[in-house]
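Here is a short tour for anyone about to set up calculations on this protein. Take a look at the model first, and then we can walk through its salt bridges, its pocket and a strand pairing together.

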Amino acid sequence: MTETAHPHPDPELERLVAARTAELTEMLAWQANCWDDERRQLARQLHDSLGSSMTALTMHLALLSQHIPAENTSMRDRSAQMKNLLNGIIETNRKMQLDLWNDKLEFLGIKAALAELVPAFGAGHGLAANASLPEDDSPYTREVGALLLRCAEEGLRNAAAHAQAKRVDVILDDDGEMTMLTVRDDGVGPGADALASGPKRCHGLRLLRERARFLGGDLVLKAVDGGGAMLQMTLPREQIA
């Protein structure tokens, strides 16, 4: 019986593939950072322009309402309706800003951003959501802070939308050498190849993984003992301070 000979790998081809992979990873990371910058700028514009205008309109309406005679109930009712409408627009604008960019991340750090995000997400989706955060809020670049926050958001969304989870925990650890963000839920758990490269599968997670790899880290999604899933991003500390 003749054994089939396996061709030796071509070193030049391997070098070209590695170089191309590194180039694509860098391009994806750059594009994702551009998206984050655009979201941040748009959120700031909504705050500075629309937000301030709505606040000014509320103040003007309050002054006008003071001059409506008490007996003019129809005008008072109309004024109250306008006030409720403006309050609704202000709240919608605030939520849009938060969805685009969390200002706490930039001004107070990732610890404050996660402390706000996790319980708010749990309350909005009927989950018992808890955040375990370090005592110290280590400094990170804007790029790294946004990446950690995006990882937490993606893990929370997956737990609510796909895992049928009832509880989710977000844990941030930093031992001085590695920074690790873990999102663990008690849901049905991921499939056998959760981060497969096939079409229409985990594109958000795969993009996060490429961004992490660009910084020398990694992202994994796996089942945990007892049921559920664990999404975990690790980043080397010396690359991100």
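Let's begin with the charged pairs: the structure holds 13 salt bridges. Please keep in mind that this is a predicted model. Besides these pairs, there is a largest pocket of about 570 Å³ to explore, as well as an antiparallel pairing of strand 4 with strand 5.

**Salt bridges**

- Within helix 1, D48 pairs with R44, and the closest N and O atoms of this salt bridge are 3.7 Å apart.
- D48 and R44 are four residues apart in helix 1, so about one helical turn separates them.
- Both ends of that pair have some accessibility: D48 is partly exposed at a relative accessible area of 43%, and R44 is also partly exposed at 29%.
- Another salt bridge joins D174 to R237, with 2.7 Å between the closest N and O atoms.
- This second pair links distant parts of the chain, as D174 belongs to strand 2 (residues 167-174) and R237 to the segment after strand 5, 63 residues apart.
- Is R237 buried or exposed? R237 has a relative accessible area of 10%, so it counts as buried, whereas its partner D174 is partly exposed at 24%.
- R209 and E210 form a salt bridge as well, their closest N and O atoms being 4.0 Å apart, and both residues are buried.
- Some charged residues join up further: D36, R150, E153 and R211 are linked in a network of salt bridges.

**T179 and its polar contacts**

- T179 sits in strand 3, which covers residues 178-185.
- The relative accessible area of T179 is 0%, so this residue is buried.
- Which side chains does the side chain of T179 touch through polar contacts? One contact, of 3.3 Å, is with the side chain of Y140, and another, of 3.1 Å, is with the side chain of D174.
- D174 therefore appears in two roles, being partly exposed at 24% while making both the salt bridge with R237 and the polar contact with T179.

**The largest pocket**

- The largest pocket has a volume of about 570 Å³, and 22 residues line it.
- Nearest the centre of this pocket lie R39, D99, R150, E153 and R157.
- Two or more lining residues come from each of helix 1 (11-65), helix 2 (73-100), helix 4 (110-125), helix 5 (142-161) and helix 6 (203-214).
- Helix 5 gives the largest share of the lining, with five residues.
- How do the lining residues divide by character? Eleven are charged, nine are nonpolar and two are polar.
- R150 and E153 are worth a second look, since they are among the residues nearest the centre of the pocket and also belong to the salt-bridge network with D36 and R211.

**The hairpin of strands 4 and 5**

- Strand 4 (residues 218-223) and strand 5 (residues 229-236) run antiparallel and are joined by six bridges.
- One bridge couples L221 with its partner L231 in strand 5.
- Five residues lie between the two strands, which together form a hairpin.
- Within the turn, G226 has a positive phi of about 90°.
- After strand 5 comes the segment that holds R237, the buried partner in the salt bridge with D174.

Methods
Residues numbered from 1 in each chain as written. Predicted model: local features only at pLDDT ≥ 70, side-chain atom pairs only at ≥ 80, totals over all residues. Heavy atoms only, no water. 1 Å grid on protein atoms, 1.4 Å probe; cavity = no way out; pocket = protein on both sides within 12 Å on 5 of 7 lines; lining within 4 Å. Points joined across faces, edges and corners; volume = space filled by probe spheres on them. Nonpolar A, V, L, I, M, F, W, Y, C, P; charged D, E, K, R; others polar. Pairing = 2+ DSSP bridges. Buried < 20%, exposed > 50% of the residue type's maximum accessible area, 1.4 Å probe, protein only. Polar contact = N/O pair within 3.5 Å; in protein donor to acceptor, adjacent residues only side chain to side chain. Salt bridge = Lys/Arg side-chain N within 4 Å of Asp/Glu carboxyl O.
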